[in-house]
Amino acid sequence: VTLDAQRFGRVDKVYVKTLRDNTISPRMQDTMLARVPVRKVVEIDSSHSPYISRPAELARILLDAVT
């Protein structure tokens, strides 16, 4: 995938960091975050799929991010 500043760079980004993720470790998430500017990082104490394990908390995070 090739990303450029004119397209992907203009998109406002909020990242939900999953703290118990065994698929993409928190350390790897930090590495990814160092490469892509985001407006905000929100942590959730969940596995890779918070939409399954913590749907209400994830929904609240997403709604707060757009308001």
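Read along the sequence, the chain of this predicted model runs through its secondary structure in the order β-α-β-α-α, which amounts to three helices and two strands. The C-alpha atoms occupy a box of roughly 35 × 30 × 15 Å along the principal axes, and 22% of the 67 residues count as buried. The points below take up the overall fold, the nonpolar core, the charged pairs and a few individual residues.

**Overall fold and surface**

- Of the contacts in the chain between residues at least 6 apart in sequence, 59% join residues that are at least 24 apart.
- The exposed surface of the chain comes to about 5,300 Å², and 55% of that area is supplied by carbon and sulfur atoms.

**Nonpolar core**

- The largest nonpolar core is made up of five residues, namely Val16, Val42, Ile44, Leu58 and Ile61.
- Strand β2, spanning 40-44, and helix α3, spanning 55-66, each supply at least two residues of this core.
- Isoleucine 44, a member of that core, touches Val16, Leu58 and Ile61 among others, when residues up to four places away in sequence are not counted.
- The contacts of isoleucine 44, with residues up to four places away in sequence again left out, also include Lys17, Thr18, Leu19, Pro50, Arg54 and Glu57.

**Aromatic rings**

- A search for aromatic pairs in the structure finds zero of them.
- Phenylalanine 8 nevertheless has a charged partner, with lysine 13 lying over the face of its ring at 4.5 Å from the ring centre.

**Salt bridges**

- The whole structure holds four salt bridges, and three of the pairs are described here, beginning with arginine 39 and aspartate 12, whose closest N and O atoms are 3.0 Å apart.
- This pair links distant parts of the chain, since arginine 39 belongs to the loop between α1 (26-35) and β2, whereas aspartate 12 belongs to the segment before β1 (14-18), 27 residues away.
- Arginine 39 is partly exposed at a relative accessible area of 47%, while aspartate 12, at 51%, counts as exposed because the value lies over the 50% limit for that class.
- Lysine 17 forms a salt bridge with aspartate 30, the closest N and O atoms being 2.6 Å apart.
- The lysine 17 and aspartate 30 pair also links distant parts of the chain, with lysine 17 in strand β1 and aspartate 30 in helix α1, 13 residues apart.
- With a relative accessibility of 8%, lysine 17 is classed as buried because that value falls under the 20% limit, whereas aspartate 30 is partly exposed at 38%.
- Arginine 54 forms a salt bridge with glutamate 57, again described by its closest N and O atoms, which are 2.6 Å apart.
- Arginine 54 itself is partly exposed, at 33% relative accessibility, and both arginine 54 and glutamate 57 are among the residues touched by isoleucine 44.

**Valine 41 in strand β2**

- Valine 41 lies in strand β2 and counts as partly exposed, with 41% relative accessibility.
- Leaving aside residues up to four places away in sequence, valine 41 touches Tyr15, Lys17 and Leu33.
- The C-alpha atoms of valine 41 and lysine 17 are separated by 6.7 Å, although the two residues are 24 places apart along the chain.

**Leucine 19 in the loop after β1**

- Leucine 19 is placed in the loop between β1 and α1, where its relative accessible area of 35% makes it partly exposed.
- Outside the residues up to four places away in sequence, leucine 19 touches Pro26, Glu43, Ile44, Asp45 and Ser46.
- Between leucine 19 and valine 1, which are 18 residues apart along the chain, the C-alpha separation is 26 Å.

**Leucine 62 in helix α3**

- Leucine 62 lies in helix α3 and is partly exposed, with a relative accessible area of 45%.
- Leucine 62 and valine 14 are 48 residues apart in sequence, yet 8.6 Å apart in space from C-alpha to C-alpha.

How values were computed:
Residues numbered from 1 in each chain as written. Predicted model: local features only at pLDDT ≥ 70, side-chain atom pairs only at ≥ 80, totals over all residues. Heavy atoms only, no water. Core = buried A, V, L, I, M, F, W, Y, C linked by side-chain atoms within 4.5 Å. Buried < 20%, exposed > 50% of the residue type's maximum accessible area, 1.4 Å probe, protein only. Helix = DSSP H or I, 4+ residues; strand = E, 2+ residues; numbered from the N terminus. Contact = heavy atoms within 4.5 Å. Phe/Tyr/Trp six-rings, centres within 6.5 Å; stacked < 30°, edge-to-face > 60°. Lys NZ or Arg CZ within 6 Å of the ring centre and 35° of its normal. Areas by Shrake-Rupley, 256 points an atom, 1.4 Å probe, with all protein chains shown as cover. Salt bridge = Lys/Arg side-chain N within 4 Å of Asp/Glu carboxyl O.
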